[in-house]
Amino acid sequence: MRAFTYTRAKDATSAIKLLAENPNAKFLAGGTNLLDLMKEDVERPNALIDISELDLSEIKPIINGANQGGISLGGLGKNTDSANHLLVRQHYPLLSQAILAGASGQIRNMATNGGNLLQRTRCPYFYEVAMPCNKREPGTGCGAREGINRMHAIFGWSEHCVAVYPSDMAVALTALDATVIVRSANGQQRSIPIADFYRLPGNEPEKDTNLMHGELITAIELPKNRFAEQSYYLKVRDRASYAFALVSVAAALEIEGNTIKQARIAMGGVAHKPWRALKAEQILVGKEATEATFKRAANAEMADAKPLTHNAFKVELGNRSIVLALQMAVNGGKA
Amino acid sequence: MKDIPKVTGTPINRIDGIAKVTGKAPYSMDHPVKNPAYAILIKSTIASGKIQEIDATAAEKAPGVIAIITHQNAPKLNVKGGLRGGALLQSPEIEFFGQHIGIVVAETFEQARYASRLITVTYDKKEPKVDFDNLADQARLPKDKEKADARRGDVQKALSQATYKVEEVYETPIEHHHPMEPHATIAEWNGDHVTLYNSAQIVNGAQTATAATLNLKPEQVRIVSPYIGGGFGSKGGQWANLALAAVAAKYVNRPVKLALTRQQMVNSVGLRQHNRQKISLAATADGKLTALVHETTTHCAINDEFIEPCGDCSKVMYDTPNSLITYRVVPMNLILPTYTRGPGKSTGSFALESAMDELAYKLKMDPIAFRIKNEPDRDPSNGKPWSSRAMVQCLQEGAKAFGWENRKFEPRQNQQGNYWVGYGVAAGTYPAHQRPTSALVKLKRTGDHVAATVELAAADLGTGTYTILTQTAADALGLPIQNVNVIIGDSDLPPAAGAVGSVGAASYANAVNDACVKLTQELVTKSGKQFFVRPTAAQLMRSEKITDFQTRVDSKPPERAEDYSSHSFNANFAEVAVNKSTGMIRVNRFLAVTGAGTILNPKTARSQIIGGNVWGIGMALTEESVVDPRWGNFVTRSLADYHVPTNLDIGQLDAIFINEKDEHVNTLGVKGIGEVGIVAVAAAVANAVFNATGKRVRELPITPDKVL
Amino acid sequence: MDEHESPELTEEEKQLFADLMPDDLAEIMNTGVNRRHFLKLLTLAGGGILAAQSAVAERVLTRPSRETLPVELAPSSLENGVDIGLKVNGKAHKLTIDSRMTLLDTLRERLNLTGSKKGCDHGQCGACTVIVNGSRVLSCLTLAASCEGKTVQTIEGLAQGNRLHPMQEAFLKHDGFQCGFCTPGQICSAVALLDEAKKGHTSYVTGNVRQPGGPVKLSNEEIRERMSGNICRCGAYPNIVAAIQEVHSGKPVEQVFRSA
């Protein structure tokens, strides 16, 4: 771990200013991924600005604006608090489940909402500095593309990077059409729809998101929805808990009678960003909520998958997982 | 004064438990030393070749750095001193990825870690030999004579004539021990003597190997290892890091703390190698085995050979007139493999017991009945009688307790919601041996109060050594357990066997018992009296008004033990639920019924067995170390990538012990249980997965993708 | 299916135990050892076993603590020094630390509190779990610099004098460990977990997260999921679950030692 200066931020404005002044500075919130990466020498900030004590952790209803009737999660709220807040549990159980599917109790107590969104890939080639990795060191090549890539992407990868994005929380947020609220050094606030927040690797895999240096995530807004009754977060992994997803599916439905009025599906573990399954959603809307419909939707989405050497199974697994998650959503969590 | 009731065989709490639950038990890095410096190892980033140049300029200038030691300035060490795996900074040659190539010593841990990142190395690279799949056909005969082909009868003929046979290949991946305590050492010199606080399953072995490596006499090296944070074989033989801690401390002339990072564990302290095992079984229509062939192909280090004995179970489990056990090995640019829990037996039994299940299915026989049908009345490999063998009883008791009658013979018949449910059985064994061990017992009397101290260089890595020795000594001396103090884990104590290969309990408990018996006899002699009922040592101390008395014994296994074949046996039952959509597997229930002779403490014994079961479940479902064949590095180098089971992975585990009196194996009839717990677990789980889904997975671990 | 029902002692049995060994009644009541076996044990032992166990407790707990004064470093050993004040196990400490120093290394290397363990140093094992301001966290991923003004509880701070915390007692009784290296983290995690249950926290295995809050009764499956951030390589999981269930439910969980 490189030496760094440590500054405890007094308020958001001064924190943002400090960060903006130094291209090698980083915010420290929960630290669960940043310190991990600093110990690996992957992240090498020369200054940490500790924002963990800033007053940006409130969870509250949104009373006006585009997301009126929805809720706002403070950027520095702890994952545990978000997952357990009654507003979240009641109205966005999908988000509660997704948060709780990630990491461990201890880590969720430390990790913040904003920090969770900014997790970096767990690709082992990214983590080991002796290996080539375009995300860590642009131009060195992708170790995983022709290497061990069982855990890697089947959608949207490029020859420069086949890593997958690791967060569970962001998969649910993607399904729920969340908006990321950020503040920058000039005091401006900007709202980034979550679909525009994450990127595919393309030629610049070093960029995980469209957040700019000096911007601070102050809140995450969730619009009002009618999915609370019928949603489910399914996570398939190599062990029962405390492991990253092979494939995960956030599924949410609004059903009237037996007809699907609205559908939201996002997948984790399959791409460089939470993968919104728009093709599947389109097939579902207006149809009856039957297994046959679910299978058609899943097939449509997975037809575009491009597996690598070791992860062809993710196509079949993704297919089945979409179907199961939709069934679980319809049946209130039971298969 | 009334007799003190016997405590051996009762489930007393762990004697060292309070130290453990209060955080006071000192593990390697917990021993207080004055003014320590901190060392970090630097590792190679190629798997084969030679170091051209090490540029440490930046690191030397980094704040707090005291020394950088590489092959260019390291002292001359004896590479054949007995430490495993090489990597002692004696030459620029690189034999595997992650070989130690230097040590950074600094004032603080943070400074050492930072400086270690500033060192750049240039290499002459060679193409590494690391791709087992491509190299397996170059495998040669082992150098180890014990791994020579073992043949009985004519297997080819039996196989060619058989109607019922199984010929399949079973793969087990590289696995790592990953004890919770990474290997770590504090080295502190006093003149030309060095004290090494270092977890050691074999205390005396660590001492002699380190001394020889450092070109010292054994008495110049003291190993202190009162608590061991798990070992599972990786802390049996010791590795370069132990000697390098001593080297660093000498170099900087102050105590040095050297801990491996978790990521460094994958190429510092051995591994369980990838085994490719072909099993060929033949049987008559009524289920009598006519041939058993077990052919293992594996890999070893480029310049050193270790092969786990995968064929061992196949030598002793079943009665068959024709048998062939072979090994072939290919040297590769990976660290030397080593003993890993249930070495050879757990991997070998996965192959053998899966094949037995496959053949039973072909024969339309219940797999328990099939095994009982082929139960040998003597050890088939050497003709010796069993000292005891409870295999059939284990299977029968287990079937009853587990509810085996509810198993459907055909797979995919038991559906519960979105899960296929299946039952599997597998039989396990592990040899029982007592090894030479010395013990010193000291008695001290104050008034009527008699207290004992028991000393030997034994090891407790969570196995229960402190507890069972307290029980053994208390009973043998006639003392309550609170008057017995067991001191172990220090090479200054009388030499003892290692806590390896399930020899610990038998070796230690018999030695302590022998010492107590000898001491009592000496007290009787000293008294000059004749007793109709023999008094206890404690009573003699009081009646003869002796204040201090001690004796030492050098204990050996009884000579007649060699006339018998001695093993622990168990039957393992698994119930699994396989998610029909996702392929995720859960072991709902697991039962191990074990015949292991005398059980000294049912509480710690049960823990040993279920701990072995958890290991086996990890082996069956989650654990795999993956090498990138281009560079020879492990891509699974952290506990996030290498999946050991979590709490949620483990369902209900039960253990039953057969009340077995083995009068031949050793004086106390103790067989050992540390290894047998894992042995047949993976096969039981794999067999249950077949019974649930109809899918036969012959390649561990059985991850969701393999059962889709 | 996996819950070993705890045997409630009958009034007669309680009386019997009280007559036999009045001093140890409380202990027996808390020890879920299978009844028949325990009766046998009692006849054999006349109370010696339990007495002996508490004698061992006495020996360990009164052993002089290795805790000494905080280790002060020469200024040259500090880079980007940060002054912090924090309270550990009720005791206030002020020290200057390298900004890179984690809470775990501060506890172990500067405050001589070596109970918290470094199993992976990357948040992948839970051996370093401590309780900061009432929440269980990983001290290996916590910068000490960020702990200014905070209250830290470690394994060393759980026992009150010679009296073990109920969770420590339950781990001891149920053999919730083997090598013991993960144990401090397991116990700190378990202690904090009970508070989370009281606060009504939910988990990934909770059937319906929409059910309103309030204290929750944890099934063994809930305990397993909530303890999955603490790896035990020795495989003591079933015993850990039994220990936590016993403290959580307030009822003894039976220990069964089966032989045939």
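This passage looks at the contact between chains B and C and then at one helix of chain A, in a predicted model.

We can begin where chains B and C meet. The contact draws on 71 residues from chain B and 71 residues from chain C. On the side of chain B that touches chain C, at least two residues each are supplied by helix H1 (17-21), helix H3 (109-116), helix H15 (602-621) and strand S25 (650-657). Helix H15(B) provides the largest share of this side, with 10 residues. Sorted by class, the side of chain B that touches chain C has 35 nonpolar residues, along with 23 polar and 13 charged ones.

Strand S25(B) also takes part in strand pairing across the chains: two bridges join S25(B) to strand S6 (residues 258-259) of chain C, and the two strands run parallel. Within this pairing, B:Ile656 has C:Arg258 of S6(C) as its bridge partner.

Turning to chain A, helix H12 (residues 291-302) offers a neat check of geometry. Its 12 residues, at 1.5 Å a residue, should span 16 Å, and this agrees with the end C-alpha atoms, which are 16 Å apart. The buried residues of H12(A) are A:Phe294, A:Ala297, A:Ala298, A:Glu301 and A:Met302. Viewed down the axis of H12(A), these buried residues fall within an arc of 120°, and therefore they line one face of the helix. As for their packing partners, the buried residues of H12(A) pack against two helices of chain A, namely H11 (278-284) and H13 (313-330).

Technical notes:
Residues are numbered from 1 along each chain as its sequence is written. Chains are lettered from A and ligands numbered from 1 in the order in which they are written. This is a predicted model: local features need pLDDT of at least 70, side-chain atom pairs count only at pLDDT 80 or more; totals for chains, interfaces and linings use all residues. Two residues are in contact if their C-beta atoms, placed from the backbone, lie within 7 Å. Helices (H or I, at least four residues) and strands (E, at least two) are DSSP runs, numbered from the N terminus. Ala, Val, Leu, Ile, Met, Phe, Trp, Tyr, Cys and Pro count as nonpolar, Asp, Glu, Lys and Arg as charged, and the others, Gly among them, as polar. Two strands pair if DSSP finds at least two bridges between them. The expected span of a helix is 1.5 Å times one less than its number of residues. A residue is buried if 20 or more other C-beta atoms lie within 10 Å of its own, exposed if 12 or fewer, and partly exposed in between; C-beta atoms are placed from the backbone. The arc is that of the directions from the helix axis to the C-beta atoms.
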